[in-house]
Amino acid sequence: RAEAGIANLLAQGLAPEDIAHTNGTSLATVRGQIKKILAKLGVSRQAEAVAVLLAGAAQATWGPASTR
């Protein structure tokens, strides 16, 4: 899905303008998809979304903190 790809690129630190260029889409399209990502994650800022995405990646890599 396009949103998953954009979420991945956001987590890697790319700006929306860079994502649009990388994907060959318009900035308006990327911004619309970012808004959908924010809504699905229940956050209002892009930085919060990146924090949630990175925390989820750490959780998937290392497992729950209580099992370490």
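## Close-up views of a four-helix chain

**View 1. Ala 47 sits in helix α4.** Helices here are DSSP runs of H or I with at least four residues, strands are E runs of at least two, and both are numbered from the N terminus. Is Ala 47 buried or exposed? Neither label fits, because its relative accessible area is 47%, so it counts as partly exposed. Buried means under 20% relative accessible area, exposed means over 50%, and partly exposed lies in between (1.4 Å probe, protein chains only). Ala 47 and Gly 13 are 34 residues apart in sequence, and their C-alpha atoms are 9.8 Å apart in space. Please keep in mind that this is a predicted model, where local features need pLDDT of at least 70, side-chain atom pairs count only at pLDDT 80 or more, and totals for chains, interfaces and linings use all residues. Residues are numbered from 1 along each chain as its sequence is written, and side-chain values use heavy atoms, leaving out hydrogens and water.

**View 2. The whole chain follows the pattern α-α-α-α.** Its secondary structure comes to 4 helices and 0 strands. Of the 68 residues, 25% are buried. Contact means heavy atoms within 4.5 Å. Among contacts with a separation of 6 or more, 42% join residues 24 or more positions apart.

**View 3. Helix α1 has its buried residues on the same side.** Which residues of α1 are buried? They are Glu 3, Ile 6, Ala 7, Leu 9 and Leu 10. Because they cover an arc of only 165° around the axis, they lie on the same side of α1 (the arc is taken from the directions from the helix axis to the C-beta atoms). After α1 comes Gly 13, with a positive phi near 100°.

**View 4. Glu 3 belongs to helix α1, residues 2-11.** Its relative accessibility is 11%, which means that Glu 3 counts as buried. Which residues does Glu 3 contact, leaving aside neighbours within four places in sequence? Look for Gln 33, Lys 36, Ile 37 and Lys 40.

**View 5. The largest nonpolar core holds 13 residues.** Such a core is a set of buried Ala, Val, Leu, Ile, Met, Phe, Trp, Tyr and Cys residues joined through side-chain atoms within 4.5 Å. Ile 6, Leu 10, Ile 19, Val 30, Ile 34 and Leu 38 touch the most other members. At least two residues of this core come from each of α1, α2 (16-23), α3 (27-41) and α4 (46-62). Not counting residues up to four places away in sequence, Val 30 touches Ile 6, Pro 16, Ile 19, Ala 20 and Thr 25.
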